[in-house]
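Biologist: I have a model open on my screen and would like to learn how to read it. Could you take me through it feature by feature?

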Amino acid sequence: MPRFLPRLSAARSPLAAAVLSATNFLMVFDGLVVTVALPSIQHSLGFSTLGLQWVATAYSLPLGGLLLLGGRCGDRFGRRRALIAGLEIFSVGLVLAGLAPTAWALLAARVLQGAGAALAIPNSYALISTMRSTERRNRIFAAVAVAGSGAAAGGAVIGGLVSQTLGWRFVFFLSAPVAIAAILIAPKVLDAGRDHDRPSKLDVGGALLSTIGLTALVFAISSIERSGVSSPITWGSFLLSAAILAGFVLREFRTSRPLLRPALLRVRTLRAAIIGMPGQVFAYTGTVFIGLLFFQQARGYTALQAGLAFAPLGVASAIGSPMTTRLLRRWHWTAVAVVSQVTCAGGLLLLAIAPADGGYVAHFLPGMIFLGFGIAGAAVTLNVAAGSEVPAGEKGVGYGLFETSTHISGALVIAILATVATGYTRTLPDADTAGALAAGYQTAFAVAAAAAFVAGVLTVLVGHRRHRQKAGPRPADPERTETRN
C-alpha cells in the first residue's frame, strides 16, 4: 500500500466518507452509463435485441443473488476486507468488460461486476452503521446518498457523451480508476469491521440455497418485461425460486449457525426499513427509468437533453441529504421517513399531471426538485434505520437483507411501471403518437406516487414505537461489541 497515506481513524478522516461514497457512486453510475451505451454495444458486438437485455441482467442476477452472502462474509471475515475484495472483483470486471472482444466475454465480465458489487454494497453500509459517532454516521450516510443521486443525475449525461465520443468501452474504463483509488485508500481510513460475536463459520448450504433462490427470483421478475407475465419461463422461475427459498427458510430454522437468523426479521427498524424502501425505489426508479423514456420518446429530447433534465434532481438531493441529518437530530426517524416519502409522492404526482407539451421550467422542474429532496431524505433515513437495532455482529447480513429487498424491489418496479405505461398506451386510439406515449408514462408516474405514499404510511405503522422517542434511531454502542483495529 502507498506509504504517503497515514493511518487514519474512520471516525475522523473525510477520506473514509469518500471511499464509502465512491462505492455507492460506482454501483449506481454503472447501471445508468451502461444503459445509455447499449445501442453502441449492440452495434459493436452484434447483440440481438433480445440478447442485449442480458448486458443488464448478467449484472443484476449475481448482485441480487449474492447480497445476503456478501453481507455475511463481511461479518465473518471483516467488513473492510469484504469491501475491498468486492471492489477488486468489480474493477477486474470493469477492465474485462472494456476489453471484451465478444458478446459472451462482455456478459462474463458483467457477472464479475455483479458479484463484486454484492460483496461491496452491504459491507459499505455495515461499516458506516458501526461507527461510534451518531453524528458521523448520519453525515456519511448523507454523503453516500449524495453520491448515489449524483451518479443518477450525471450517469445518463456522461454515458451519452462518452459513448458518442470515446466509444462504449470507455464507459467501463473511466470507472476503473475510481474503484482502484478506493481500493488503495480503504485500508488506511476504514476500520477492519470485525466483531467479538462474529459467526464462527459460514452456513455453506444456506448460502447456496439463498443465492440460487434469490437469483431465480430476480430472473423471474426481469422476465416479466422480457417474456410477459403469463410466460412459462416467468412462472417456472417464480416457482423454482419459491421452492428453493422455502428450503432455505426451513434450513435456517434448523441449523445451529444460520446464514440469516430468523430472529433478525423481528428487528423493528430493519423490518420497517425493508417495508418502506420499495416506496423510495418507486420514486427513484420511476423517475429515472420512466423519466428518461418520457423525455426522449414523448417530448423528443436527445439523450443528452434528457440527462440534463435530471440535473435539478441531483442538486436538490445534494442539498436534501445534509438537511436530513439535521432533521434526524430533532425528529423520530419515522417522521423524517414519512415526510420524505410524501414529498416523493408529491413530486411524482406533479410529473403525472403536467401537460405533456408544457414547458420544462414551469411544469416539470418543480416535480424534479420535490423528488430530489424526497429521494435523498428517504435514502438517508431508511439506511440509518436499517442497521440501527441490528446486533453489531450481524450488521453485514442485516444490510445484505436490506439491499436484497431494495434490489428485488428495483427489478419489480421496472416491470410494473413498464407494464403500466405500455398497457395504458395500447388502450388509446392514437397509441402510436407522442401524446399516447406521454399519457402512458404519466400514468406510470401516478402509480409510483401512490406506491411512495403507501410505503410512507406503512413505514410509520411498522417502525414507530408506542412510547415517545424524540431522537432518531439509537444504535447499540459499537464500543461494547466491536474491537478497534
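Biologist: Which elements of the chain have the lowest and the highest mean pLDDT?

Modeller: pLDDT is the predictor's confidence in each residue, from 0 to 100. Here helix H18 (residues 478-481) has the lowest mean, 39, and helix H4 (residues 79-99) the highest, 95. Helices are DSSP runs (H or I, at least four residues), numbered from the N terminus. For the chain, the mean is 83, with 90% of residues at 70 or more.

This is a predicted model, so local features need pLDDT of at least 70 and side-chain atom pairs count only at 80 or more, while totals for chains, interfaces and linings use all residues. Residues are numbered from 1 along each chain as its sequence is written, and side-chain values use heavy atoms, leaving out hydrogens and water.

Biologist: Over which residues does pLDDT stay under 50?

Modeller: Where pLDDT is low, the predicted coordinates should not be read in detail. Residues 466-485 stay under 50, and the model gives them 43 contacts (heavy atoms within 4.5 Å) beyond four places in sequence.

Biologist: Which residues have the most contacts inside the largest nonpolar core?

Modeller: A nonpolar core is a set of buried Ala, Val, Leu, Ile, Met, Phe, Trp, Tyr and Cys residues joined through side-chain atoms within 4.5 Å. Buried means under 20% relative accessible area, exposed over 50%, and partly exposed in between (1.4 Å probe, protein chains only). The largest core here has 130 residues, and Leu20, Phe47, Leu106, Leu190 and Phe295 have the most contacts inside it. Helix H1 (residues 14-45) supplies its largest share, 14 residues. Leu106 touches, among others, Ile41, Phe47, Trp168 and Phe172, leaving aside residues up to four places away in sequence.

Biologist: How many aromatic pairs are found in the whole structure?

Modeller: Rings of Phe, Tyr and Trp (its six-membered ring) pair if their centres lie within 6.5 Å; planes under 30 degrees apart count as stacked, over 60 as edge-to-face and the rest as tilted. The search finds 15 pairs. Phe25 and Phe29 are stacked because their centres are 5.1 Å apart and their planes at 15°. These two sit four residues apart in helix H1, so about one helical turn separates them. Phe25 is partly exposed at 27% relative accessibility, whereas Phe29 is buried at 8%. Trp168 and Phe172 pair edge-to-face, 6.2 Å centre to centre with 90° between the planes.

Biologist: Are Trp168 and Phe172 buried or exposed?

Modeller: Trp168 is buried, at 6% relative accessible area, and Phe172 is buried too, at 1%.
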